[in-house]
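Me: I have a model open and keep asking what the labels on its contacts rest on. Could we go through them together?

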Amino acid sequence: MGVERVQEIANFSKETIPEEFIRTTYEQPALTTVQGTVLEVPVIDLSDPDEENVVRAIVDASSNWGMFQVVNHGIPHETVRKLKEVGKAFFELPPHEKEAYAKSPGSQSIEGYGTKLQREVEGKKAWVDHLFHKIWPPSEINYQFWPKNPPSYRKNNEEYAKHMHGVVDKLFRCLSLGLGLEGNEMKEAMGGDNMVYLLKINYYPQCPRPDLALGVPAHTDMSAITILVPNDVQGLQACKDDHWYDVEYIPNALIVHIGDQVEIVSNGKYKSVLHRAKVNKEKTRISWPVFVEPPSDLEVGPHPKLVNEANPPKFKSKKYSQYCFCKLNKTPK
Ligand code: OGA
Ligand code: NI
(Lines give C-alpha, C1' and ligand atoms only; values in the text may rest on other atoms or scores of the structure.)
(Ligands and ions follow the chains in the order given, each with its own letter.)
Protein backbone atom coordinates (compact mmCIF):
# COMPACT_ATOMS: atom_id res chain seq x y z
CA MET A 1 0.00 0.00 0.00
CA GLY A 2 1.31 3.39 -0.93
CA VAL A 3 1.70 6.46 1.25
CA GLU A 4 -0.85 9.21 0.83
CA ARG A 5 0.78 12.20 -0.76
CA VAL A 6 -0.54 15.66 0.05
CA GLN A 7 -0.54 16.39 -3.68
CA GLU A 8 -3.17 13.65 -4.10
CA ILE A 9 -5.18 14.76 -1.06
CA ALA A 10 -5.24 18.28 -2.48
CA ASN A 11 -6.81 16.95 -5.69
CA PHE A 12 -9.97 15.88 -3.88
CA SER A 13 -10.03 18.58 -1.16
CA LYS A 14 -12.11 21.26 -2.80
CA GLU A 15 -13.66 23.06 0.17
CA THR A 16 -12.50 21.42 3.34
CA ILE A 17 -9.37 19.63 4.47
CA PRO A 18 -9.00 16.41 6.49
CA GLU A 19 -9.15 17.01 10.22
CA GLU A 20 -5.52 15.98 10.82
CA PHE A 21 -4.36 19.05 8.87
CA ILE A 22 -6.31 21.54 11.00
CA ARG A 23 -3.96 23.30 13.39
CA THR A 24 -4.74 24.22 16.98
CA THR A 25 -5.72 27.84 17.56
CA TYR A 26 -2.19 28.47 18.88
CA GLU A 27 -0.82 27.70 15.43
CA GLN A 28 -3.46 28.69 12.90
CA PRO A 29 -1.83 31.30 10.68
CA ALA A 30 -4.98 33.43 10.38
CA LEU A 31 -5.04 33.87 14.16
CA THR A 32 -1.33 34.23 14.87
CA THR A 33 0.12 36.51 12.17
CA VAL A 34 0.85 40.18 12.83
CA GLN A 35 -1.23 42.03 10.23
CA GLY A 36 -0.28 45.18 8.37
CA THR A 37 3.10 45.55 10.03
CA VAL A 38 6.06 47.49 8.72
CA LEU A 39 8.67 45.26 10.37
CA GLU A 40 10.63 43.38 7.74
CA VAL A 41 13.42 40.85 7.54
CA PRO A 42 16.56 42.81 6.49
CA VAL A 43 17.66 42.84 2.83
CA ILE A 44 21.43 42.91 2.32
CA ASP A 45 23.34 43.81 -0.86
CA LEU A 46 26.24 41.33 -1.05
CA SER A 47 27.93 43.29 -3.86
CA ASP A 48 28.59 46.31 -1.62
CA PRO A 49 32.38 46.88 -1.93
CA ASP A 50 32.48 48.18 1.66
CA GLU A 51 32.88 44.86 3.48
CA GLU A 52 32.49 46.43 6.91
CA ASN A 53 29.04 47.56 5.89
CA VAL A 54 28.06 44.06 4.84
CA VAL A 55 29.49 42.54 8.02
CA ARG A 56 27.58 45.03 10.16
CA ALA A 57 24.31 44.30 8.36
CA ILE A 58 24.79 40.53 8.61
CA VAL A 59 25.71 40.67 12.31
CA ASP A 60 22.69 42.81 13.03
CA ALA A 61 20.30 40.57 11.09
CA SER A 62 21.80 37.35 12.50
CA SER A 63 21.63 38.58 16.09
CA ASN A 64 18.15 40.11 15.94
CA TRP A 65 16.25 38.08 13.34
CA GLY A 66 18.30 34.99 12.53
CA MET A 67 17.14 35.57 8.97
CA PHE A 68 17.84 37.94 6.09
CA GLN A 69 17.56 38.15 2.34
CA VAL A 70 20.53 38.78 0.07
CA VAL A 71 20.49 40.48 -3.32
CA ASN A 72 23.31 40.86 -5.87
CA HIS A 73 24.62 37.58 -4.51
CA GLY A 74 26.47 36.42 -7.61
CA ILE A 75 24.38 33.35 -8.49
CA PRO A 76 23.14 33.99 -12.05
CA HIS A 77 19.37 34.44 -12.15
CA GLU A 78 19.26 32.00 -15.05
CA THR A 79 20.86 29.31 -12.86
CA VAL A 80 18.16 29.77 -10.22
CA ARG A 81 15.41 29.84 -12.84
CA LYS A 82 16.62 26.54 -14.27
CA LEU A 83 16.85 24.94 -10.82
CA LYS A 84 13.23 25.88 -10.20
CA GLU A 85 12.05 24.79 -13.62
CA VAL A 86 13.26 21.21 -13.26
CA GLY A 87 12.12 20.85 -9.64
CA LYS A 88 8.62 21.96 -10.57
CA ALA A 89 8.63 19.63 -13.57
CA PHE A 90 9.54 16.67 -11.33
CA PHE A 91 6.57 17.27 -9.02
CA GLU A 92 4.28 17.56 -12.04
CA LEU A 93 5.18 14.04 -13.20
CA PRO A 94 2.53 11.34 -12.72
CA PRO A 95 2.61 9.75 -9.22
CA HIS A 96 4.26 6.48 -10.28
CA GLU A 97 7.24 8.33 -11.74
CA LYS A 98 7.80 10.23 -8.52
CA GLU A 99 7.32 7.11 -6.40
CA ALA A 100 10.40 5.62 -8.08
CA TYR A 101 12.40 8.00 -5.86
CA ALA A 102 10.42 7.39 -2.67
CA LYS A 103 12.26 6.92 0.58
CA SER A 104 11.88 3.33 1.68
CA PRO A 105 9.95 3.10 4.98
CA GLY A 106 12.79 1.69 7.10
CA SER A 107 15.49 3.88 5.59
CA GLN A 108 17.84 5.73 7.95
CA SER A 109 18.67 8.24 5.24
CA ILE A 110 16.77 11.47 4.80
CA GLU A 111 17.21 11.43 1.03
CA GLY A 112 14.38 10.72 -1.40
CA TYR A 113 10.81 11.69 -2.24
CA GLY A 114 8.39 11.68 0.65
CA THR A 115 5.68 12.95 2.90
CA LYS A 116 6.20 13.18 6.63
CA LEU A 117 4.74 9.96 7.95
CA GLN A 118 4.59 10.53 11.66
CA ARG A 119 2.18 13.05 12.97
CA GLU A 120 3.75 15.79 15.04
CA VAL A 121 3.44 16.17 18.80
CA GLU A 122 -0.08 17.57 18.67
CA GLY A 123 -1.09 14.87 16.19
CA LYS A 124 -1.17 17.21 13.21
CA LYS A 125 0.10 16.85 9.66
CA ALA A 126 1.77 19.39 7.40
CA TRP A 127 0.42 20.31 3.94
CA VAL A 128 3.56 19.43 1.97
CA ASP A 129 5.43 16.74 0.03
CA HIS A 130 9.20 16.89 -0.43
CA LEU A 131 12.28 15.63 -2.21
CA PHE A 132 15.63 15.58 -0.43
CA HIS A 133 19.04 14.92 -1.96
CA LYS A 134 22.59 16.10 -1.40
CA ILE A 135 24.14 18.32 -4.06
CA TRP A 136 27.66 18.77 -2.63
CA PRO A 137 30.42 17.53 -2.19
CA PRO A 138 30.51 15.14 -5.17
CA SER A 139 31.71 12.26 -2.95
CA GLU A 140 28.52 12.53 -0.85
CA ILE A 141 26.06 12.58 -3.73
CA ASN A 142 23.66 9.65 -4.20
CA TYR A 143 22.42 10.02 -7.73
CA GLN A 144 19.71 7.42 -7.21
CA PHE A 145 17.69 10.19 -5.50
CA TRP A 146 18.15 12.67 -8.35
CA PRO A 147 15.25 12.56 -10.83
CA LYS A 148 16.21 11.40 -14.33
CA ASN A 149 13.19 13.21 -15.63
CA PRO A 150 13.23 16.02 -16.69
CA PRO A 151 16.52 15.18 -18.43
CA SER A 152 18.18 18.48 -17.51
CA TYR A 153 17.50 17.92 -13.80
CA ARG A 154 21.06 16.83 -13.08
CA LYS A 155 22.83 19.49 -15.09
CA ASN A 156 20.73 22.30 -13.61
CA ASN A 157 21.21 21.12 -10.03
CA GLU A 158 24.95 20.68 -10.50
CA GLU A 159 25.19 24.18 -11.88
CA TYR A 160 23.33 25.62 -8.89
CA ALA A 161 25.59 23.74 -6.44
CA LYS A 162 28.69 25.04 -8.19
CA HIS A 163 27.50 28.65 -8.01
CA MET A 164 26.57 28.38 -4.33
CA HIS A 165 30.15 28.27 -3.03
CA GLY A 166 30.72 31.98 -3.61
CA VAL A 167 27.71 32.96 -1.49
CA VAL A 168 28.40 30.36 1.20
CA ASP A 169 32.03 31.49 1.56
CA LYS A 170 31.06 35.15 1.70
CA LEU A 171 28.39 34.56 4.34
CA PHE A 172 30.68 32.50 6.58
CA ARG A 173 33.46 35.07 6.20
CA CYS A 174 31.17 37.91 7.30
CA LEU A 175 29.69 35.85 10.17
CA SER A 176 33.24 35.03 11.28
CA LEU A 177 34.55 38.61 11.10
CA GLY A 178 31.45 39.77 12.95
CA LEU A 179 32.49 37.65 15.93
CA GLY A 180 36.01 39.07 15.93
CA LEU A 181 37.40 35.82 14.47
CA GLU A 182 39.62 35.44 11.41
CA GLY A 183 37.64 35.35 8.16
CA ASN A 184 38.03 31.57 7.70
CA GLU A 185 37.42 30.39 11.26
CA MET A 186 33.63 30.04 11.20
CA LYS A 187 33.77 27.98 8.01
CA GLU A 188 36.56 25.81 9.42
CA ALA A 189 34.48 25.19 12.56
CA MET A 190 31.77 23.78 10.25
CA GLY A 191 34.08 21.43 8.41
CA GLY A 192 35.62 23.78 5.81
CA ASP A 193 35.37 22.36 2.31
CA ASN A 194 33.81 19.17 3.68
CA MET A 195 30.55 20.92 4.46
CA VAL A 196 27.56 19.14 2.96
CA TYR A 197 24.86 20.88 0.92
CA LEU A 198 21.53 19.11 1.30
CA LEU A 199 18.81 20.27 -1.08
CA LYS A 200 15.14 19.94 -0.19
CA ILE A 201 12.27 20.77 -2.47
CA ASN A 202 9.07 21.60 -0.58
CA TYR A 203 5.94 21.19 -2.69
CA TYR A 204 2.91 22.82 -1.05
CA PRO A 205 -0.19 22.13 -3.18
CA GLN A 206 -3.00 24.66 -3.19
CA CYS A 207 -5.12 24.31 -0.08
CA PRO A 208 -8.79 25.28 0.37
CA ARG A 209 -8.19 26.34 4.00
CA PRO A 210 -4.85 28.16 4.22
CA ASP A 211 -6.19 29.87 7.35
CA LEU A 212 -6.27 26.54 9.23
CA ALA A 213 -3.34 24.53 7.84
CA LEU A 214 0.44 24.97 7.81
CA GLY A 215 2.95 23.88 5.17
CA VAL A 216 5.75 23.54 7.71
CA PRO A 217 5.15 24.10 11.43
CA ALA A 218 7.40 26.33 13.53
CA HIS A 219 10.98 25.07 13.77
CA THR A 220 14.60 26.15 13.62
CA ASP A 221 16.88 24.50 11.05
CA MET A 222 19.54 22.11 12.37
CA SER A 223 21.99 23.20 9.67
CA ALA A 224 24.77 25.79 9.94
CA ILE A 225 22.96 28.07 7.52
CA THR A 226 20.12 27.49 5.08
CA ILE A 227 19.90 29.23 1.72
CA LEU A 228 16.39 29.16 0.30
CA VAL A 229 14.78 30.19 -2.96
CA PRO A 230 10.97 30.18 -3.21
CA ASN A 231 8.70 30.42 -6.21
CA ASP A 232 6.71 33.65 -6.39
CA VAL A 233 4.02 32.57 -3.91
CA GLN A 234 4.56 34.22 -0.52
CA GLY A 235 4.34 31.84 2.44
CA LEU A 236 7.44 31.96 4.62
CA GLN A 237 7.07 33.50 8.07
CA ALA A 238 9.69 34.43 10.65
CA CYS A 239 9.16 34.73 14.39
CA LYS A 240 10.64 37.77 16.10
CA ASP A 241 9.99 38.72 19.72
CA ASP A 242 7.19 36.12 19.91
CA HIS A 243 5.33 37.47 16.87
CA TRP A 244 4.95 35.99 13.39
CA TYR A 245 5.79 38.13 10.35
CA ASP A 246 5.40 37.41 6.63
CA VAL A 247 8.74 37.34 4.82
CA GLU A 248 8.32 39.37 1.66
CA TYR A 249 8.92 37.63 -1.66
CA ILE A 250 11.69 39.53 -3.45
CA PRO A 251 12.38 38.34 -7.00
CA ASN A 252 15.94 37.01 -7.39
CA ALA A 253 16.82 37.31 -3.70
CA LEU A 254 18.12 34.38 -1.64
CA ILE A 255 16.68 33.89 1.83
CA VAL A 256 19.29 33.02 4.46
CA HIS A 257 18.38 31.32 7.73
CA ILE A 258 20.83 31.11 10.60
CA GLY A 259 20.69 27.47 11.70
CA ASP A 260 21.36 25.85 15.06
CA GLN A 261 25.06 25.11 14.33
CA VAL A 262 25.93 28.77 13.73
CA GLU A 263 24.08 29.70 16.91
CA ILE A 264 26.16 27.11 18.78
CA VAL A 265 29.56 28.07 17.30
CA SER A 266 28.83 31.77 17.98
CA ASN A 267 27.96 30.77 21.57
CA GLY A 268 24.54 32.33 21.20
CA LYS A 269 25.46 35.66 19.63
CA TYR A 270 23.74 34.68 16.41
CA LYS A 271 20.25 33.21 16.74
CA SER A 272 18.78 30.39 14.71
CA VAL A 273 15.46 31.67 13.44
CA LEU A 274 12.11 30.17 14.35
CA HIS A 275 10.16 30.01 11.10
CA ARG A 276 7.22 28.29 9.42
CA ALA A 277 5.48 28.19 6.04
CA LYS A 278 1.88 28.98 5.14
CA VAL A 279 0.02 27.54 2.17
CA ASN A 280 -2.05 29.26 -0.50
CA LYS A 281 -5.63 28.86 -1.61
CA GLU A 282 -5.17 29.29 -5.36
CA LYS A 283 -1.53 28.56 -6.01
CA THR A 284 0.99 25.83 -5.45
CA ARG A 285 3.94 27.10 -3.45
CA ILE A 286 7.36 25.54 -3.99
CA SER A 287 10.60 26.27 -2.16
CA TRP A 288 14.18 25.05 -2.53
CA PRO A 289 16.12 25.31 0.75
CA VAL A 290 19.72 24.12 0.76
CA PHE A 291 20.85 23.09 4.23
CA VAL A 292 24.57 23.83 4.52
CA GLU A 293 25.70 21.37 7.17
CA PRO A 294 28.83 20.17 8.97
CA PRO A 295 29.93 16.63 8.03
CA SER A 296 27.98 14.20 10.24
CA ASP A 297 30.96 13.08 12.32
CA LEU A 298 32.30 16.57 13.01
CA GLU A 299 32.02 17.75 16.60
CA VAL A 300 30.48 21.21 16.79
CA GLY A 301 30.55 23.45 19.85
CA PRO A 302 31.08 27.06 20.90
CA HIS A 303 34.25 28.38 19.25
CA PRO A 304 37.18 28.15 21.74
CA LYS A 305 38.12 31.77 21.03
CA LEU A 306 34.68 32.93 22.12
CA VAL A 307 34.56 31.27 25.52
CA ASN A 308 36.44 32.05 28.71
CA GLU A 309 35.67 32.31 32.41
CA ALA A 310 33.52 35.38 31.92
CA ASN A 311 31.75 33.83 28.91
CA PRO A 312 31.18 30.16 29.66
CA PRO A 313 29.93 27.90 26.84
CA LYS A 314 26.16 28.03 26.51
CA PHE A 315 25.96 24.80 24.49
CA LYS A 316 27.44 21.32 24.74
CA SER A 317 29.74 20.18 21.95
CA LYS A 318 28.28 17.34 19.92
CA LYS A 319 28.86 15.47 16.72
CA TYR A 320 26.47 16.88 14.14
CA SER A 321 24.87 13.45 13.66
CA GLN A 322 24.30 13.22 17.41
CA TYR A 323 22.78 16.71 17.48
CA CYS A 324 20.32 15.76 14.75
CA PHE A 325 19.42 12.50 16.44
CA CYS A 326 18.72 14.27 19.74
CA LYS A 327 16.63 16.97 18.11
CA LEU A 328 14.59 14.60 15.97
CA ASN A 329 13.95 12.33 18.92
CA LYS A 330 13.39 15.27 21.26
CA THR A 331 15.93 14.06 23.80
CA PRO A 332 17.59 16.70 25.95
CA LYS A 333 20.48 18.64 24.48
C1 OGA B 1 12.14 24.05 5.70
C2 OGA B 1 11.49 25.38 5.68
C3 OGA B 1 10.29 27.11 4.51
C4 OGA B 1 9.71 27.42 3.18
O5 OGA B 1 11.88 23.26 4.78
O6 OGA B 1 12.94 23.81 6.64
O7 OGA B 1 11.60 26.07 6.64
O8 OGA B 1 9.61 28.63 2.88
N9 OGA B 1 10.80 25.78 4.59
O10 OGA B 1 9.37 26.53 2.44
NI1 NI C 1 13.27 25.44 7.88
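**The nickel site**

Reply: Happy to, and remember that this is a predicted model. The nickel ion (ligand 2) is coordinated by H219 (NE2), D221 (OD) and H275 (NE2), at 2.1 to 2.2 Å.

Me: What makes H219, D221 and H275 donors of the nickel ion?

Reply: A donor is an N, O or S atom within 2.8 Å of the metal. The atoms here are NE2 of H219, OD of D221 and NE2 of H275, at 2.1 to 2.2 Å, so they meet that cut-off. Along the chain, these donors follow the spacing H-x1-D-x53-H.

Me: Why can D221 and H275 be said to tie parts of the chain together?

Reply: D221 sits in the loop between strand 6 (216–219) and strand 7 (225–230), while H275 belongs to strand 11, so the pair joins parts that are 54 residues apart in sequence.

Me: How do you know whether D221 and H275 are buried or exposed?

Reply: Buried means under 20% relative accessible area. D221 has 5%, so D221 is buried. H275 has 3%, so H275 counts as buried too.

**A neighbouring loop residue**

Me: What about T220, buried or exposed?

Reply: T220 lies in the loop between strand 6 and strand 7. Its relative accessibility is 19%, and because the limit is under 20%, T220 counts as buried.

Me: Which side chains does T220 make polar contacts with, and why do they earn that name?

Reply: The side chains of T220 and D260 are joined at 2.9 Å, and those of T220 and K327 at 2.7 Å. A polar contact needs N or O atoms within 3.5 Å, so both pairs qualify.

**Around ligand 1**

Me: What surrounds ligand 1?

Reply: Its shell has 13 residues, and the closest are K200, Y204, H275, R285 and S287. By type, the shell divides into six nonpolar, four polar and three charged residues. Strand 5 (196–204), strand 11 (275–277) and strand 12 (285–293) each supply at least two of the shell residues. Strand 12 gives the most, with four.

Me: How do you know that N202, Y204 and S287 make polar contacts with ligand 1?

Reply: An oxygen atom of ligand 1 is 3.0 Å from an N or O atom in the side chain of N202. For Y204, the distance from a side-chain N or O atom to an oxygen atom of ligand 1 is 2.6 Å. A polar side-chain atom of S287 also lies 2.6 Å from an oxygen atom of ligand 1. The protein buries 98% of the 290 Å² that ligand 1 exposes when taken alone. As for the name, the cut-off is 3.5 Å, so these distances satisfy it.

**Aromatic pairs**

Me: How many aromatic pairs are there? And why is W65 with Y245 called edge-to-face?

Reply: The count comes to ten aromatic pairs. For W65 and Y245, the ring centres are 5.9 Å apart, which is within 6.5 Å, and the planes stand at 70°, which is over 60, so the pair is edge-to-face. W65 is in the loop between helix 3 (51–64) and strand 2 (67–71) and Y245 in strand 9 (residues 243–246), so the pair links distant parts of the chain, 180 residues apart. Both residues are buried.

Me: What makes F90 and F91 an edge-to-face pair?

Reply: Their centres are 5.3 Å apart and their planes at 80°, so the same two cut-offs, within 6.5 Å and over 60 degrees, give that name. F90 and F91 are both buried. Ring pairs also link F90, F91, Y101, Y113 and Y203 into a cluster.

Notes:
Residues numbered from 1 in each chain as written. Chains lettered and ligands numbered in written order. Heavy atoms only, no water. Near = heavy atom within 4 Å. Polar contact = N/O pair within 3.5 Å; in protein donor to acceptor, adjacent residues only side chain to side chain. Areas by Shrake-Rupley, 256 points an atom, 1.4 Å probe, with all protein chains shown as cover. Nonpolar A, V, L, I, M, F, W, Y, C, P; charged D, E, K, R; others polar. Donors = N, O, S within 2.8 Å, 3.2 Å for Na, K, Ca; no water. Buried < 20%, exposed > 50% of the residue type's maximum accessible area, 1.4 Å probe, protein only. Phe/Tyr/Trp six-rings, centres within 6.5 Å; stacked < 30°, edge-to-face > 60°.
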